[in-house]
Amino acid sequence: MMKRTISFAAALAFWSVAAFLVAAEPLRLNFQFAGVSEDQGAIVEKIVKQRVSERVASGELNLSYAIDLSFEPEEYSLETSGTDATLRAGSFPGLIFASGKLLRSLEYGADSFTVPELTIREKPDASFRCCYFARHFHNWYHMASNEELERYVEDLALWGFNAIATISVPVVNLNLDPASEDWRQAVDGVKTIRAASKRLGLSFTGLDCINQACLDMPEELKGTPNVDPKRGNNGINACPSKPGGTEYLDRLTRAIFASFDGAQTDFTCWWPFDEGGCECEQCGPWATNGFLKCAARYCKMVNDEFAPDQKFILSTWTYHEDEFEAVWEWVKDHPEVPYILADAHADFPKYPLEHALPEGHKLITFPEISMQGRFPWGGFGATPQPRRFTELWEQVRGHVDGCMLYSEGPFEDINKIIESGFYFRNESAEDSLREYARYELAGADPEDFVALCRDLEAILVLKDRNPEYTAAALDAMKLAVKIDLEIVPKLRDCWRWRQFYCRCLLEYERNVRGNENTQTCVDAILELQRLYHSDLFPEGCVDPLHYCTQPVLPQGDIGVFKRPEEEIQER
Ligand SMILES: [Zn+2]
C-alpha cells in the first residue's frame, strides 16, 4: 500500500514536471538570411523576435529570408509549411513588409502561436506610402525617446509604409543661428527619425514651408498674410519680393540644408500655406506665382549646392480649382519634382482628378487623419474613422500614386493602418481593422473590434454631447469589456489597446452617465497623458500651442461613481 502511494506520488510529480516543461517550452525562432547584410539580418531578427515575444511565451518558427532579384523592388512572397516560413523580396524593405504580413498572419493563443498555411505574393499599388510626423507642440513625436521613435517607424514599415517625413527644421520656433543649442537639438531630432527610416531602407522626406522665417527675422521682411482662411496664417512668413527678402530666404535655406551635411533627405516637400505664403502685389497670387518661383529657385539651390540627387515634392495643399493648371505647366520643366501633392480640408479637389499630370510626374494625397472633429487632438484616446477615410479614398482611387499622411500622434495609429491598406492593396477599411485586431489585439474577436470602431466613429464630435450617442457609447463600453477579457494576457496592457479602452471609458462617462467630472475620467485622462507623453511637458517651458495636443483633466469637483465595467454588468 505504501509502495503504491509512493509510486502514485512519483507519477504525479513526473506529470507535473512534464506539464511544466510543456508550458515553459521557450520560444524558438530560427533565422536564415541570404542576400542581405549582417546588420540587416540582425534588424529583422530583432524586430520579429520582439513582436512575437510580446504576444506569447512559446512556439516554433523557422524563417528563411532571401533577396530575389527577379522580384520587383517592393514585391515580396511569403510561404509557410508546418513551422517553416519562406520570405522572399526584391529589396530589404520588401522583406520587412513580408515579415509584417507573417507576424499578422500567425494565430496567437494565450501561450503559443500556430502557423497557418500561407501562399502570398504581392507588390504595393502605390509608389509613395508615407507618414508625416508633425513633430511640434510637445506632442508625442516631439517628446518620444529615440528608441520609441525607432520602434514606431519599424511598426509602420511592417504595415507597408516605405517613407517617413517630418518638418525639416522648425524655424518658426528658432532664431536663424545654426550654432545655437536649440537649432542643433531640432536638427538632431530630425536626424534620429531619418536614421530610423534609413536603417530599414525607407525613404525620408523633410517638409519645408518655403518662405517661413525664423523668430528673429527683421520686421521689414514680413510677408502679406494669406487671405483665404482655409490656408491658415501661422508662423512668420518672409516676403521674397521685398528688398533683402530673397537674400534672407537664401541664407535660411542654406542654413537648413547645411545642417544636414552627410545626412540629406531623399525628398524635400515644399509647402505653400499655413506656415508659408505671401499675398503682396509682387508675390501674389502666391499659389501660382511667388510659391512656384521660390520652388524653382530652391530646388536648383539644393541640387547645385547640397544634394545633387535630392528629389522634390511640390505641395498644392488648399489650392483653388483654377490654380492647378499653372502647376501642371510649371512641372513640365522640373524633372526633379516627381510628385505633386494635392488635398484639401474636406473633399479632394476636382482638377487633379480630371487632368492627368504631365508624364514623369505623379499625384499624391495628404490625408488628414488626426484632427477631424476633435479637440484637443488625441485628448480622448483612439480615433478610428473607417467610414470617413473610405469616402475620401473612393474619390482618389485610381488617380493617385501615394500619400503623405498628416499625423499628430499615435492616437490615430488605427487610421494609419486603414490608409496603408488603401494604398498598398486597395484593402477595405474594415478588412484592415480585422487584420489590426488579429495582430494588435490578438485573442479578441475581430468583428467586435470592427463594431467598436463603428461606434466610436459615430460619436465623432466629442465636445457636443448628443442623446443619440448614448446607445453607441454603451455598446462601445460593452465591446471594450469583452475584448479586454479575451485579448491575450501579454497584450492587455499594450498602449494600442489601452488608448481604445480609455476612449470607451470617457465616452461612457460623457454620453451614458452624462457627467465627466468623475474619478473614471480623471484616471483615463491621466493614463492618456502618460501614453502621449504630455506628462513630460517641461516645467517652465513656453509652448502656446501645447494645449492642442494635451488631454485635459475635468475641472471642478470630482465625483466617485461605480466603474462603467461594473455598471454594464448590471444592465
Ligand atoms: Zn511678397
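Helices (H or I, at least four residues) and strands (E, at least two) are DSSP runs, numbered from the N terminus. I jot that down before anything else, since Pro178 is placed by such elements: this proline is found in the loop between strand 9 and helix 6 (181-198).

**Entry 1: Pro178**

I am working with a predicted model. Is Pro178 buried, exposed or partly exposed? I looked up its surroundings and found 17 C-beta neighbours inside 10 Å. A residue needs 20 or more to be buried, and 12 or fewer to be exposed. Pro178 therefore counts as partly exposed.

Which residues does Pro178 touch, leaving aside those up to four places away in sequence? I noted Trp183, Ala255, Ala258 and Ser259. I also looked up the pair Pro178 and Ile256. They are 78 residues apart in sequence, yet 7.9 Å apart in space, C-alpha to C-alpha.

**Entry 2: the whole protein**

Next I stepped back. I counted 18 helices and 17 strands in the protein. Along its principal axes, the C-alpha trace spans about 110 × 65 × 50 Å. For 571 residues, a compact globule would have a radius of gyration near 25 Å, and the protein's 26 Å agrees with that.

How much of the protein is buried? Buried residues make up 45% of the 571. I looked up the contacts too: among those with a separation of 6 or more, 74% are between residues 24 or more positions apart.

**Entry 3: three domains**

The domain assignment gives domain 1 (29-122), domain 2 (128-440) and domain 3 (446-570). I took the centres of domain 1 and domain 2 over C-alpha atoms, and 32 Å separate them.

Where do these two domains meet? On one side, 13 residues of domain 1 are in contact with 14 residues of domain 2. Helix 2 and helix 3 are the elements that give two or more residues to the side of domain 1 that touches domain 2. Helix 3 gives the most, with 8 residues. Sorted by class, that side of domain 1 has 7 nonpolar, 3 polar and 3 charged residues.

**Entry 4: a sheet near the start of the numbering**

I followed an open sheet of 5 strands, in the order 1-2-4-3-7, with mixed pairing. Why is one side of strand 1 (27-34) and of strand 7 (119-122) left without a neighbour in the sheet? Both stand at the edges, and each has a single partner strand, so one side of each stays free of a neighbour there. From one strand to the next, the twist averages 10°.

Inside the sheet I picked one pair. Strand 2 (residues 59-67) and strand 4 (residues 84-89) run in the parallel sense and are joined over 6 bridges. To see the pairing on screen, I found Ala66, which stands opposite Arg88 in strand 4.

Then I added the helices. Helix 3 (residues 92-105) packs on the sheet and touches strand 2, strand 3 (76-81), strand 4 and strand 7. Its direction makes about 145° with that of strand 4. Helix 2 (residues 38-53) lies across strand 1 and strand 2, and runs at about 155° to strand 1.

**Entry 5: two covered strands**

Strand 17 (residues 402-407) has 5 of its 6 residues buried, so the rest of the structure largely encloses it. Strand 8 (residues 128-133) runs parallel to strand 17, and 6 bridges join them. Here Phe128 stands opposite Gly402.

Strand 10 (residues 203-209) is mostly covered as well, with 6 of its 7 residues buried. Its pairing with strand 9 (residues 163-167) is parallel and has 5 bridges. I located Ile164 opposite Phe204 in strand 10.

**Entry 6: backbone details**

Which peptide bond is cis before Pro285? The one from Gly284 to Pro285, with omega near -15°. Pro285 is in the loop between strand 13 (274-275) and helix 8 (290-305). I found another cis bond from Phe375 to Pro376, with omega near -5°. Pro376 is in the loop between strand 16 (362-365) and helix 11 (386-396).

Last, I looked up two residues with a positive phi that are not glycines. Asp274 has a phi of about 75° and lies in strand 13. Its 18 C-beta neighbours inside 10 Å make it partly exposed. Asn426 has a phi of about 50° and is placed in the loop between helix 12 (413-425) and helix 13 (429-440). Asn426 is exposed, with 12 other C-beta atoms within 10 Å.

Notes
Residues are numbered from 1 along each chain as its sequence is written. This is a predicted model: local features need pLDDT of at least 70, side-chain atom pairs count only at pLDDT 80 or more; totals for chains, interfaces and linings use all residues. Two strands pair if DSSP finds at least two bridges between them. Axes are lines fitted to C-alpha atoms, for helices over the stretch in contact, and angles run from 0 to 180 degrees between N-to-C directions. Two residues are in contact if their C-beta atoms, placed from the backbone, lie within 7 Å. Domain bounds come from an automatic or database domain assignment. Ala, Val, Leu, Ile, Met, Phe, Trp, Tyr, Cys and Pro count as nonpolar, Asp, Glu, Lys and Arg as charged, and the others, Gly among them, as polar. The radius of gyration is taken over C-alpha atoms; the globule rule is 2.2 Å times the number of residues to the power 0.38.
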